[in-house]
Amino acid sequence: SVNAHTVPRVRGAVLFFWLSMFAHSCAPNMTYSSSPGGPAAQLGDGDSEEGLVARPRALRKIGKGEILCAGYLSLQMSMACAPARQELLRIQKGFVCGCERCRGRDCVRALPCPRTQCSGF
């Protein structure tokens, strides 16, 4: 499940080979959409189902040599504070995010963080 992508259309997770190669960022510069149109997938009972194709698209201008980064989090979780995002990624994906957004000021917090060493509001 580390490299799987949730696809509501199939009510489950799908592994797109090339999507598993993109880095993660909590402020991604690209995303993807999935649609029918890939090679047929053989199901266990002998039936086949039309496959899915993932199509990448930029979310902003991407500079030459810039690493392509997708967001591994759901839209709801991508709006959470940095510690919540980092903990979910640690549990689900096996790493602690150190992207620019996680290292910077935590803009999603409405109140000052009570911890003295926290850089959040």
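Student: How many disulfides does the structure hold?

Tutor: In this predicted model, the structure holds zero disulfides.

Student: How do you know that Cys102 is not bonded to the closest cysteine sulfur?

Tutor: The closest cysteine sulfur to that of Cys102 belongs to Cys26 and lies 3.7 Å away, whereas a disulfide requires the two sulfur atoms to be within 2.5 Å, so the pair is too far apart for a bond. Cys26 and Cys102 are nevertheless both members of a nonpolar core of seven residues, which also includes Ala82 and Cys99.

Student: Why is Cys102 called buried, and Cys81 partly exposed?

Tutor: Buried means under 20% relative accessible area, and Cys102, with a value of 11%, therefore counts as buried. Cys81 has a relative accessible area of 22%, which lies between the limits of 20% and 50%, and it is therefore partly exposed.

Student: Which residues make up the largest nonpolar core?

Tutor: That core has eight residues, namely Val14, Phe16, Leu19, Phe22, Met30, Leu52, Ala54 and Ala70. If neighbours within four places in sequence are left aside, the contacts of Ala70 include Phe22 and Met30, and also Pro28.

Student: What makes Asn29 a buried residue, and where is its place?

Tutor: Asn29 sits in the loop between strand E3 (23-24) and strand E4 (30-42), and with a relative accessible area of 2%, set against the limit of 20%, this residue is buried. Among its contacts beyond four places in sequence are Ala58, Arg60, Ile62 and Glu66.

Student: What makes the pairing of the Asn29 and Glu66 side chains a polar contact?

Tutor: The two side chains are joined at 3.3 Å, and the cut-off for such a pair of N or O atoms is 3.5 Å, so the value falls within it.

Student: Why is the meeting of Arg60 and Glu66 called a salt bridge?

Tutor: Their side chains meet with N to O at 2.6 Å, and because the limit for a side-chain nitrogen of Arg and a carboxyl oxygen of Glu is 4 Å, the pair qualifies. Both partners are partly exposed, Arg60 at 40% relative accessibility and Glu66 at 31%.

Student: How many salt bridges does the structure hold?

Tutor: There are two, and one of them joins Arg90 to Glu87, with the closest N and O atoms 2.6 Å apart, again within 4 Å.

Student: How are Arg90 and Glu87 placed in helix H2?

Tutor: They are three residues apart in helix H2 (residues 82-93), which means that about one helical turn separates them. Arg90 is partly exposed at 42% relative accessibility, and Glu87 is partly exposed at 37%.

Technical notes:
Residues are numbered from 1 along each chain as its sequence is written. This is a predicted model: local features need pLDDT of at least 70, side-chain atom pairs count only at pLDDT 80 or more; totals for chains, interfaces and linings use all residues. Side-chain values use heavy atoms; hydrogens and water are left out. A nonpolar core is a set of buried Ala, Val, Leu, Ile, Met, Phe, Trp, Tyr and Cys residues joined through side-chain atoms within 4.5 Å. Buried means under 20% relative accessible area, exposed over 50%, partly exposed in between (1.4 Å probe, protein chains only). Contact means heavy atoms within 4.5 Å. Helices (H or I, at least four residues) and strands (E, at least two) are DSSP runs, numbered from the N terminus. A polar contact is a pair of N or O atoms within 3.5 Å; within protein, one must be able to donate a hydrogen and the other to accept it, and residues adjacent in sequence count only if both atoms are side-chain atoms.
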